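Reader: I would like to go through this model with you, strand by strand and then pocket by pocket. Could you keep the criteria explicit as we go?

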Amino acid sequence: MKNLREYINDTCEIICEDNGRKMVADVLQYSKHKTLTVSVERSLKLTLGWNGKIYEGSMGKMSFVSNGPDSTFVRTRR
C-alpha cells in the first residue's frame, strides 16, 4: 500500500444502548483499536474504549457504543 493514504472522517455515529437513540458525534481524538473520544452535540465529551469488537463507554448511568469513524483510502501520485 505504498501509494495509498487513509483519511479518517471527522464524525461518527454513536448509539445509546439504554434508549436506542442514534447520534452523530464529532471525533476529537481517535486511535484505531484503542480509544475514541467524541463530542456529543458540542456539549458533552465522551471517551470510548475498544473491547475487541466495538468502541464502548459510559457517562452517568447511560452506556454508548460505536463502530468508530469511517475511513477512505485515496491513491496518491508522485
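Reader: How many bridges join strand β3 to β4, and in which direction do the two strands run?

Author: This is a predicted model, in which local features need pLDDT of at least 70 and side-chain atom pairs count only at pLDDT 80 or more, while totals for chains, interfaces and linings use all residues. Residues are numbered from 1 along each chain as its sequence is written, and side-chain values use heavy atoms, with hydrogens and water left out. Strands are DSSP runs (E, at least two residues) numbered from the N terminus, and two of them pair if DSSP finds at least two bridges between them. For strand β3 (residues 22-31) and β4, which run antiparallel, the number of bridges is five.

Reader: Which residue in the turn between β3 and β4 has a positive phi?

Author: V27 stands opposite V38 in β4. The two strands form a hairpin with three residues between them, and the turn residue with a positive phi, of about 60 degrees, is H33.

Reader: Is strand β4 mostly covered or mostly open, and how many of its residues are buried?

Author: Buried here means under 20% relative accessible area, with exposed over 50% and partly exposed in between (1.4 Å probe, protein chains only). By that criterion strand β4 (residues 35-40) is mostly covered, the buried residues being five of its six.

Reader: Which residue of β5 stands opposite S39?

Author: Six bridges join β4 to β5, and these strands run antiparallel. They form a hairpin with three residues between them, where E41 in the turn has a positive phi of about 50 degrees. Opposite S39, in β5, stands K45.

Reader: In what order do the strands close into a barrel?

Author: Strand β5 (residues 44-50) is joined to strand β6 (residues 55-59) by two bridges, the strands running antiparallel, and G49 stands opposite E56 in β6. Five bridges then join β6 to β7, again antiparallel, with M62 in β7 as the bridge partner of M59. Three bridges join β2 to β7, which also run antiparallel, and I14 stands opposite S66 in β7. Six strands thus close into a barrel with antiparallel pairing, in the order β2-β3-β4-β5-β6-β7.

Reader: Which element gives the largest share of the lining of the largest pocket?

Author: A pocket is an open set of points on a 1 Å grid over the protein atoms alone, where a 1.4 Å probe fits, with protein on both sides within 12 Å along at least five of seven lines, and lining residues have an atom within 4 Å of a point. The largest pocket holds about 170 Å³ of space, a volume being the space filled by probe spheres set on the points. The elements that give two or more residues to its lining are β2 (11-16) and β7 (62-66). The largest share, four residues, comes from β2.

Reader: Why is C16 in no bond with C12?

Author: A disulfide is a pair of cysteine sulfur atoms within 2.5 Å, and a search of the whole structure finds zero of them. Both cysteines count as buried, C12 at 5% relative accessibility and C16 at 1%. The sulfur of C16 is too far for a bond because its distance from the closest cysteine sulfur, in C12, is 14 Å.
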